[in-house]
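The following note sets out a number of points for a reader who is meeting this structure for the first time. Each point may be checked against the sequence and the coordinates.

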Amino acid sequence: MSSSNPSLGWERLQNVFYRSRECLELQWKQEEIEEGLNLQDYKVAIAPYAASIALYSIRSIPELAVNKSIHIYSGAGVKITSISWLSSIGEIVELGWNSKFQLIVVMKSGKFRIYNNYEGDFDEFDLHLESDIIEVKFWPDGFVARSIDDSFTCISNYSKVIPICLPSITTKNDESKKRQIHGWAILPPMYNRQVKVIVSTDISVLIISLDGVTDTNFVGNGPFTSIAIASNGEFVALYSTSSNEISIRTADFSVSLTTFESDNDSIPLELQWCSNDAVIVSYTDELKLIGPSRDSLSFYTDSVTYLKPEDDGLYFLNNERLEFLSRVSNVTMDTFKIGSTSPSAILLDAIDQIDHHSPKANENLEIIKGDLTTAVDNCIRAAAEEFEPYWQKKLLRAASFGKTTIDLYNSDEFVDTCNNLRVLNIIRQPEVGIFLTYSQFIELGVDRLIKLLLLRQLHYLCVKISDFMTLPTDEIFIDWACCKIKHSLDLSDTELLSAIIKRLLDKNVSFAPISQLAYQEGRTQLSINLLNFEKDTSKTIPLLLEMEQDDYALLKSDENMNVDSIMFVLITLFNKLSLSDFFKLLDGKPNATSLFKSKIAQNDIQLLHDYYFQADLTSGLAEIELDKLANEKSSEIQKQILMKGSKILGRSKYTEFESKRLKDEIKIIDAKIKLEQEIPSIKNTESAAQILEEVITQDLKKAIKVHKELKISERQFYYKVAKTLSKLPERRQELHEFATSKKSPIGYEPFYLELLKNGDKRQASLYVNLCTSMDYRQKVKCYIKCEDFKNAIEEAYKRKDVELLDLIRSLTDNSVHKRHVDDCIERLTGSRR
Amino acid sequence: MAIAPITGTIKRRVITDISVGIFVFLFDGSIQVLDVVSLLIKSKLLPYTKNHTISFILTNHLMKTNELIVENLGLKGDLELFEWNTSIPLIIEDDLISLNLKYGGLKELFLNDSIEPIQLLADSLLNLIIKSDYKIRITNTFLKGSFSIKFWKIFNNLYDRHLNSLDPIHKKLINDQDETLFLDQYSFFNRNIDFVCFDRGVDLISCLLTQLTYTGLTDDIIGTDMGIVNFPILNPETNELEEFKLSLGDSNDFIYPLIKNLNFSMVGSILNSKAKEIQKEFDKRNSLNDIDSMKKFVGELNLLKDNQRWVQKHTTLAEFILQSVKKGEDDDSSIMNEIDIPSYNYFNQFIELQQDILSDNLDNKKNCNLILEFMYKFEPKIQDIIKLLILTTIVKKGIREFEYDYMKSEILNLYGLKYLKLFIRLKELKLVYNKETTSFLSGPSIIEEQSFDSIQLINDFRSISNYLNLMPIVDQQDLNNPKDADFGLPGFVPIITRLIEAIYDRDFLSATTSLTTTTTTSSSSHTNHRPKTRLRKYGWDNLDLSNLNGEVKQDFLITENKKKLFDSIIPPKLSNLTNRKDVIIVSVIGGLTYSEISTIRFILQKNEVTKDKQLIILTTGVIKSDDVINCLI
């Protein structure tokens, strides 16, 4: 059959073609012999892309009532697993799937489970409902449950389960106005749109959203038992059993698009959209496809059919087969339609000619010369759509033949299509049983496909596909190792470790998740051993802590020198251990210790003190005391702190001086208190020198006595006096007396400079002659700076420096000084200028 | 929307806006603030609002820790955490990238011995590499000091982690780049990337000295923040103080690149001549005689005006600096210039004292006396005195105990007891310590043993100074065209600069030896270019660093299978290298000063081989000498 032209299976609906193609023959037919599998007896949930099928028997067989199972099959009807379901767990209302291919089981009581894998691991949640659930409808990321009291509850995100109660359609206190619900459908949330539920009641169609209930006032031939919303959310189809009519309207119910009257009187089983442009009604033995006009197509079936709509078509499942119903795309139509003269059709024909060694092949190319690129492109795209490898190959050969004659053709699409089809053909095999169409494959993406295959534990296939598509294999190997641990109950920790390491050592994968699983499985030693292979320390830390390997965790993070990891461990341990145990652990971990000090203890003086105390860090303890001192106003307490600080510092011979200095400070405080009574301004001083300055300003004689009490050196004292008194014009005489009363230990330059700085040149000049370290030329210059020309001239004259005298003369305009210079020069040289 | 700093007062302000329902907190994530905020949320927000969303945006890079703390506080699930990546460093100048940490991170490094600044720097190097599309592929590393070694280890951890998180396509891309980089020796020489990293402790001298370059002096005297200078200036017209603001390194600023690296004394003349040039251009308008030249003039007018503005701004800044530099100097110094008399110029005397200490001309007693004298006379900020003490300690390997005790006592008398803590810290960090009285019998003194875990890494200053020619004797110093990198500091070449120079050139080593024998040839050997046509890299081989403590690590990062190719490198001729993309990245953990940066630029420019190499300085901060002391107070 494979070589027959695909167009033979097409059915025309107006100007478009539809076709139904068999995807997989269901293997469960063989089970029929034993169990008599008939889909009619089951609740059926088809996963996205018909990748898995869940069945749950609804036959009331007494012996099976206590212990039934949910069976999960592949798309080819091969059993993957069975989940036993005790009736004590709860009565199942509906089965569904989410976009991660996880099974959702909703129970009558309002509880529901998400099965994370096919091994029966699940998370259970509760909707906390007041009344039982009677009906559930799913969309890929959530579901809406209808309770017996006609209230709707919605779960819109499986990763963050928060039940949302939708507004009630009946007002509570008015029972008489209660509307009866006939059919309903979900308008799934999209972008910024929130979930909505369309409800057909005996009066009209209502739309329920989180904000409230809107009455569309659409009555039509209602009530409608089946409602279907197109996947783009823009159109809605409603089936009225009373009139056997299908109304198709825009989703806001404002515009009627078409109304179709069915010729099949039996009760429809399901109403679904096939892509966005046709509606399917299933009856027990017929599928009716209704297009935008009033035309329809019928596909007859042998048994009950279940529908699963997708963006590009619709899967339908019955006892024998999984089939895919879809519209024939324009490209495929052009290529295969009998008598088509489109470029791609002619290019495809050329391949036949080549196979028959006919020279007409080149003629074909001549004909489509101008459209060759289109022809090649279309052949590639048509190949992607075909299920039969025979036609895929033929079309790709045609494309490959065509593109050789095009200059600079970009072959990316060709290569991608070849690769993708190769993967698709493999997973479409009954052994895998995931029959994706090409566009579904693109939509799903290889990485999610790999995740799906991992759920089925097809590790080898995953690795092969990943290698072929140059994708990372890390996740696959990790998953493999986890499965290995779970399923190898008979192996010892050592055996398991070597088995895992043998496979994974050169793969550069993260060992932390494997270790985590080993720990959960109770294999602690294996877990620790695995962690040693983990390169990223930040991942090992939380695990080590979980395993109570406190010291090792801290050591590891300290060695790795990652601030975040270290802090994580520190905070965990700090909250968990006693302070002394905590400090013990810190020992020998310099990086952790420094972060503890700077980030945790920084603002907790008591904690810091405890740390310094146990570590016997005198300098740290002293610093704490000194910090206290800075904020202390009372001089009595200040003295106590000083004593304490002095004692601490006295313990180490390296801080002998500092210890003594603190003790001396007590005397300074005493002196300060005493002086304060006479000179109140001393209160605000911060240093001994400032106290001294205040005293000097008040009483120089007292200062001479006080500076010794304050332990201020003679030299500092003299500088202080010079600085302080030269600022006060009325005290400059006193300053001079002080300076000359005995030999100054700092010389007289400071006096000269201070006075000059304060602008008293006359006083400054008084000190020049006292500056013994200066030679006469320097002195002359100083005198000149003080504008003391008389002394400058005298000094120069004394040294008989005529040149210098000349210079002085040039610097003054004063005739007296000029004459003075002239006199001196005359006396020295004997001649007058 | 209410934006308020997180303080006690926020509590009331947020509550008034409770109807909003969306609360975003932006803060550093420190434990204290987290405590305050969580308390606020638990007591004031959660009980009153139902449909709220609360988010924290945290800037401390510790997402795992933050999550844990939030969980411990019982707020998990009530709020969402976001990270604000602040390790993207700031580009201050074309070749200068800084994390802008306070005190260059020195406080964390010195006082807490914390790896946090190191990790931030490693983070930003990784960021830089990612941003460059992995074109920055470090080929050679030169590391000096334990922080630097730690840095490299942390960086490698981060880099491995990053590589592991990449998808295979990127991994392949990086591999391919490696392959082509080491394809042959030529491809390598064009694109090798040297990474040089120092601890601040390698050279605590140059960061303590007064900076003399234009930018350096500006930073010392006024201070810069992210390259921006800000100070009040008297407007002569209104007689009021106005704020003056100048962003150094502005891309439109044509004059700044000309003067930024110069010794400040050279800046005035350049500003003058540029101002004259611009005036000349303006004057052209008087001689315009045809439409075309008028059009041309008008077209250039805006640029001309802009340029004039820049010159004016820099002139204002330079004058301001000059004023404070000249403070206390004789204004009529023209007369009898050759005679020195006592003066009150702080700037000059401070520099003189630094030079005296460095040249080690003073005996112990004189050295201490001069420092004290200087202190009595000027009563300067304590930072300057401490700088002199640290310099003395490095040069003289300590200060004699009785002298140090006396100095401490006098310093505390003047500045107050609150600085006692500073002295304890200086001692702890061995920045200033007592000299052991050397007896004939004792072996290596205790101090020498201790100095190994000091953050200050100079072990024997006199030897290292001679060996690396840190204080070159230059006859006829031409600061406009300096021969050596001593123009940025008082006659001192930073050790960091010399160590970078040594990787590519060893001329300065011969300069010292020839100097002792024949002083005259030393200068001529500089001008007389050896036929340096080959791109040779000396690295730190055969460089005697025994007088600098701290680990040294030098590595050639090449994939194992290519090693053979580089077993015997014949450096290619310089003329064969076109389109060069080789880079040198210089990092100093703890920051470096503008003057140091200028000298690094200078030595790389001076060398034929490194002239066309791109320089990137990546550091924890641009610091100045005060920062080194302030981080300890």
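1. A term should be settled before any residue is placed: helices (H or I, at least four residues) and strands (E, at least two) are DSSP runs, numbered from the N terminus. With that in hand, Ile80(A) can be located in strand E6 of chain A, which covers residues 79-86. The reader should also bear in mind that this is a predicted model.

2. How exposed is Ile80(A)? A residue is buried if 20 or more other C-beta atoms lie within 10 Å of its own, and exposed if 12 or fewer. Ile80(A) has 16 other C-beta atoms within 10 Å and is therefore partly exposed. Apart from neighbours within four places in sequence, Ile80(A) is in contact with Ser52(A), Ile72(A), Tyr73(A), Ser74(A), Tyr118(A) and Arg456(A). Glu119(A) is 39 residues from Ile80(A) in sequence, while the C-alpha atoms of the two are 9.7 Å apart in space.

3. Chain A as a whole contains 33 helices and 29 strands. Its radius of gyration is 49 Å, whereas a compact globule of 833 residues would have a value near 28 Å. Along the principal axes, the C-alpha atoms of chain A fill a box of roughly 145 × 75 × 70 Å. Of the 833 residues in this chain, 41% count as buried.

4. Chain B has 24 helices and 15 strands, and buried residues make up 38% of its 633 residues. The contacts within each chain can be described by separation in sequence. Among contacts in chain B between residues at least 6 apart, 77% join residues at least 24 apart. For chain A, the corresponding share is 45%.

5. Which residues of H13(A), the helix at 512-520, are buried? They are Ala512(A), Ile514(A), Ser515(A), Gln516(A), Leu517(A) and Ala518(A). These buried residues pack against four helices of chain A, namely H11 (474-487), H12 (493-504), H14 (524-531) and H15 (537-546). Just after H13(A), Gly522(A) adopts a positive phi of about 85°.

6. H15(A) also meets helix H17 of chain A, residues 563-576; the two axes come within 9 Å and cross at roughly 10°. H15(A) and H17(A) are therefore roughly parallel to each other. On the H15(A) side, the contact involves Thr537(A), Ser538(A), Ile541(A) and Leu545(A). On the H17(A) side, it involves Asp564(A), Ser565(A), Phe568(A), Val569(A) and Thr572(A). By class, the residues of this contact divide into 4 nonpolar, 4 polar and 1 charged. A general rule is useful when reading such lists: an α-helix has 3.6 residues a turn, so residues three or four places apart point the same way.

7. A second pair of helices in chain A may be set beside the previous one. How do H26(A) and H27(A) run with respect to each other, parallel or antiparallel? The axes of H26(A), residues 714-726, and H27(A), residues 732-741, come within 9 Å and cross at roughly 160°. Angles over 145 degrees count as roughly antiparallel, and H26(A) and H27(A) are therefore described in that way. The crossing of H26(A) past H27(A) is left-handed. Val721(A), Ala722(A), Leu725(A) and Ser726(A) of H26(A) meet Arg732(A), Glu734(A), Leu735(A) and Phe738(A) of H27(A). This contact has 5 nonpolar, 1 polar and 2 charged residues.

8. Two residues of chain B deserve a check of their backbone angles. Met226(B), which is not a glycine, has a positive phi near 50°. Met226(B) lies in the loop between strand E8 (224-225) and strand E9 (228-235) of chain B, and counts as partly exposed, with 13 C-beta neighbours inside 10 Å. Asp360(B), likewise a residue other than glycine, has a positive phi near 55°. Asp360(B) is found in the loop between helix H13 (346-358) and H14 of chain B. With 15 C-beta neighbours inside 10 Å, Asp360(B) counts as partly exposed.

9. The last point concerns the interface. How many residues of each chain take part? In chain B, 51 residues are in contact with 57 residues of chain A. Several helices of chain B each supply at least two residues of the side that touches chain A, among them H2 (31-45), H6 (146-165) and H14 (364-378). The largest share, 8 residues, comes from H16(B). By class, this side of chain B has 22 nonpolar, 12 polar and 17 charged residues.

Conventions: Residues are numbered from 1 along each chain as its sequence is written. Chains are lettered from A and ligands numbered from 1 in the order in which they are written. This is a predicted model: local features need pLDDT of at least 70, side-chain atom pairs count only at pLDDT 80 or more; totals for chains, interfaces and linings use all residues. Two residues are in contact if their C-beta atoms, placed from the backbone, lie within 7 Å. Ala, Val, Leu, Ile, Met, Phe, Trp, Tyr, Cys and Pro count as nonpolar, Asp, Glu, Lys and Arg as charged, and the others, Gly among them, as polar. The radius of gyration is taken over C-alpha atoms; the globule rule is 2.2 Å times the number of residues to the power 0.38. Axes are lines fitted to C-alpha atoms, for helices over the stretch in contact, and angles run from 0 to 180 degrees between N-to-C directions. Angles under 35 degrees count as roughly parallel, over 145 as roughly antiparallel, 65 to 115 as roughly perpendicular and the rest as oblique. A crossing is left-handed if the near helix is turned anticlockwise from the far one by less than a right angle, and right-handed if clockwise.
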